[in-house]
Amino acid sequence: ASDGVFVSSDAEIDICGEALQHFCDSGAYNATRIISRSLRATKADGTILQFNEGRAFVNASISELTRVSGAYNILTVRIKTNCEIPAGPNTRIEINGVLNTRWPLAVTSIIAVENMLDLFPNCACHLCEASCCTAEDLDVVSTSLFLWTYNGSGVFPFGNPSTSYTGAQEASGSWDPEEGKLILNVLPGRPVPADTDLIFSFSVLNPRAVTFASTPDVTIVSDRYTLGPLVMDGSILRSDRSAFVTRFSVTEENDVISNFNRLSVTFQVNFPVFSMGANTPVRIIMSDLRGYNLNNGYIPLDGRDALSVAKTGYGNWSAAVGQMEFRQGVVMGNCLSLDSLDRCALIVPGIFDYTSQADHRFSFVIKNTDVQISFQIYPKLKVESAEATTPLMSATSRALSAANERPRFLASSLMASSDVRQATNTLTVVFETNIAMYEGSTVTVRGLDNSASASGTLELFGPQAEHFTCGFSQVVGQIVLTVRVGVVIAANTMNEVSFRLINPPQMQTQRAILMKAFIIGPPVRQGCASPMLVRQYGLGILIDFSPVVNSGVFQAQDSLTFETAALGESTTVSSAVNTITLTLVPKVDLRIGSVITLTNVDSPVKANSNLRISGPNGALFGNTGNWRYQFGVGSLVLTTTQVITEYQVVVVTFKLRNRECYGATCVGKDVTISANALRVGTEVPAQLLFENQIADGKIFGAGAHLSWITKTVSQGSVVNSAYNRLVFTLRPNAPLYGGTKIRFEGLYGSMTRTCRSCPEEPPFYDRIPQLGCSADCLECAPELLASDPRTTFTPCIPVFTNNNVQHPTFVRNSEFVADDDMSLTRDFGGILGLTIAPGQKMSELQDTVVVIHLENSEEEVYRTECSTVPPPDDWNPERSCLRVHATTTSICSEETGTIVAQETCDLLEAPDGLPTGRARRVGRAIDGSTVPIDWYRNSLPDV
């Protein structure tokens, strides 16, 4: 290596550059313009081209999987160099000193495999296999070395992995078992970078007897250099240990008598087990499986390592000796025969750890004994091969118990949604068994007698509905649930499914509801051509009929009627228009086209016609009902246009007229309600005939006189000369229609004398009620003043709603006269007269609020009272008290319109023979002597 790099320079400096050119040209400088200088050599920082570190191995080691005598073994080589291992064609890696192996013999090929387990090529054939190794495959296996390269670095210098024993192989090299020498050629284009772990494994067969351990060396030969030989870290092939099963445990799924049981097995051995060919069998034997009830034959294996334990995926069961045998498997061994896991071929510290491949897990189904047994079972395991055989090892897990508990239902119940006769009943079955149920297993529920449903397949719904099919037998009165193909119902699992049946048409005594189950074993996986394949895991298991928890289902104790059928009316006034409220709650669904009939409806309306059906749910009937009158009695038919679900609250209203009747003998009649309900789809019978029932509430009794339910007045101010807002609240006990006159008496003391029109500018004055003016006043007929016959006044006043909107219910220019001596043509004053406008009505169902604005008197005025007990302090007995009257009362409408639809007198005519003319159109007056009454004809206080 050099002592360093030195830098020197010869420099010439022009002291007259462009910037100083004028000084030089003027002769200011007499010295030479070019100055030469040499700089002293100086040592540079850093070093290069030093070769004091040569090519070398960073590490080289060899490890093995097992020291069991005569067993197959895996040797793992790890090499790392500080320089690149060049690509071929003349680069090779030589491993020397792998002595005393018994296989492979002289090889014709080196096969690069994909997985470490593929280092053991299983070419054994068995009757259950669909295909076996060919003769060519067997020849290749016996004359090949199998090589696996770790792919963590992505380097495959010896060739890509192959999935076939035959055909062209990229890996090249040679194996000499006599010298124990393995040569692997690095392929062109596949160099191994410097400081890269090159890890590969190959399989050999250990010597049968104890030998001295081999300590191989490694050499890398290439056109560029030769590295080695270097003695590798690790010694191999001592072969001084015996074969053992090092771990063995068995667990069972259940201990139910006669049940299909799954045994789950876990085991490890301290050497790899596999068979080289058909004549070198491998057997893994589980023994002492006493007490199981299964015929001899091949049983499918399941689980992660089923095909490793037995190449076919089947075990050979022998019932006579209680033994299960697994043949021709490929089983990776563990490292427990070595002194240290650090020397195990399955582990390269910091790179990989494949020791989990030595843990083998699988399971199989077997059938428990049909009788309870008292002994416990401790299975044993041994491995037999041509190379090594283990002694028996007892399972270290808990003892097995082949039969201890009887098959049974852990829970069973049946619940019903309805006990109504003929109703569609949703029945919910809940059950749980202590054994698993497989496809084809059945659960039978018996005791569903006399259903109106026909035999056949039932639709299921509920949490586990997709797991079952359901069939119903009407003759036997039972349903059968069958587990669907591909479904497994685990033991101790709660199952809930629902189905629908039609309840019996008549009430019946309580039936005993019973449940049984028949469990078929799990399906046997096919694929083995051998006649020894077990076709089933034994006979099915019966859980016989036992009572089901229920609360008297399917007795049809409840009649087919409405849960609620109630009628209410808005008035009992004779000949008045009555708003009937019908409330229904059906116990079953009412499909479109179902018919509900109300009979014995005692209304005198004689014309058969369509009635408007209103209320919250009128649309359920298309807002129309059919009224029929025959033989002195009426009926109303309602047809559903939408589905009404069971227990849905339905409220509708319709209007009919009360009959003409007065006195205590006028009482309401009971109305009978029936229905004809249509069923869903193809259910039989297609119709449900409801039993007749009397609705709650009698209607159309009539007999009451017209009166007020509500009549109150309030004022907004008692200040002299102030504008006062008077609020009248009225509600009659029957609807009053256009033409009805309402008069308030006793409104004395106001300074408002005449109806004033509002100024033309601005035009919105008449929209301000407090001003007391209105453009309508121009239409009010004037009258002569009594005090000055040459002067007129307009006896009208604008009337408003509570929201200060001109009242639509009443005719414009309502009559108003302030005092008795005001009008020349009137005998008295203090009156407000209202007339219901044509096409309008005053409802009995809600208050009508009337607002007027008057100017208070300048002087103190005492109020007037109709009641003198006790007399108020400010009572003025000389003035008439405030009263309200109703005259010319119209109790049906002479006009048409949306407000009074279905309430016109023509539509509500009484039948022949009853009073005619105005007697059926005009009610009695409500005068000052009329006692206020409520809907039930009870007297109300006069407020």
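# Reading strands, disulfides and buried residues

Tutor: Let us begin with one pair of strands: strand 28 (residues 468-473) and strand 29 run antiparallel and are joined by six bridges. The model is predicted, so local features need pLDDT of at least 70 and side-chain atom pairs count only at pLDDT 80 or more, while totals for chains, interfaces and linings use all residues. Residues are numbered from 1 along each chain as its sequence is written, and side-chain values use heavy atoms, with hydrogens and water left out.

Student: How many helices and strands does the protein chain contain?

Tutor: Helices (H or I, at least four residues) and strands (E, at least two) are DSSP runs, numbered from the N terminus. In the protein chain there are three helices and 54 strands.

Student: What joins strand 28 to strand 29, and which residue of strand 29 stands opposite Ser473?

Tutor: Two strands are said to pair if DSSP finds at least two bridges between them. Here six bridges make the link, and Ser473 faces Gln478 of strand 29. The two strands form a hairpin with four residues between them, and in its turn Gly477 has a positive phi of about 75°. Strand 29 (residues 478-483) is also joined by five bridges to strand 26 (residues 442-446), again running antiparallel. In that second pairing, Val480 of strand 29 stands opposite Thr444.

Student: In what order do strands 3, 4, 6, 7 and 10 lie in their open sheet?

Tutor: One reads a sheet by passing from each strand to its neighbour. This sheet has the order 3-4-10-7-6, with mixed pairing. Its edges are strand 3 (57-64) and strand 6 (109-113), each of which pairs on one side only. On average, neighbouring strands are turned by 25° against each other, direction ignored; the axes are lines fitted to C-alpha atoms, for helices over the stretch in contact, and angles run from 0 to 180 degrees between N-to-C directions. Strand 3 pairs with strand 4 (residues 72-81) over seven bridges in the antiparallel sense, and Ser61 has Arg78 in strand 4 as its bridge partner.

Student: Where do the side chains of a regular strand point?

Tutor: In a regular strand they alternate between the two faces of the sheet.

Student: Which strands are the edges of the sheet with the order 8-9-5-11-12?

Tutor: That open sheet has five strands, and its pairing is antiparallel. The edges are strand 8 (173-176) and strand 12 (226-231), each pairing on one side only. From one strand to the next, the twist averages 10°. Within the sheet, five bridges pair strand 5 (residues 92-96) with strand 11 (residues 217-221) in the antiparallel sense, and Arg92 stands opposite Val221 of strand 11.

Student: Which residues of helix 2 are buried?

Tutor: A residue is buried under 20% relative accessible area, exposed over 50%, and partly exposed in between (1.4 Å probe, protein chains only). In helix 2 (residues 135-142), the buried residues are Asp137, Val140 and Val141. They cover an arc of only 100° around the axis, and therefore lie on the same side of helix 2; the arc is that of the directions from the helix axis to the C-beta atoms. These buried residues pack against strand 6 and strand 7 (144-149), where contact means heavy atoms within 4.5 Å. The face turned away from the buried side carries the exposed residues Ala135 and Glu136.

Student: How many disulfides does the structure hold?

Tutor: A disulfide is a pair of cysteine sulfur atoms within 2.5 Å. The structure holds four. Among them, Cys335 and Cys344 have sulfur atoms 1.8 Å apart, and both cysteines are buried. In the disulfide of Cys661 and Cys666, the sulfur atoms are 1.5 Å apart, and the link is left-handed, with -90° about the S-S bond. Both Cys661 and Cys666 are buried.

Student: What does the disulfide of Cys780 and Cys796 tie together?

Tutor: The sulfur atoms of Cys780 and Cys796 are 1.9 Å apart. The torsion about their S-S bond is about 75°, so this disulfide is right-handed. Because Cys780 lies in the loop between strand 46 (741-745) and strand 47 (783-784), and Cys796 in strand 49 (residues 796-797), the pair ties together parts that are 16 residues apart in sequence. Cys780 is buried at a relative accessible area of 7%, and Cys796 is buried at 10%.

Student: What percentage of the residues in the protein chain is buried?

Tutor: Of the 943 residues in the protein chain, 50% are buried.
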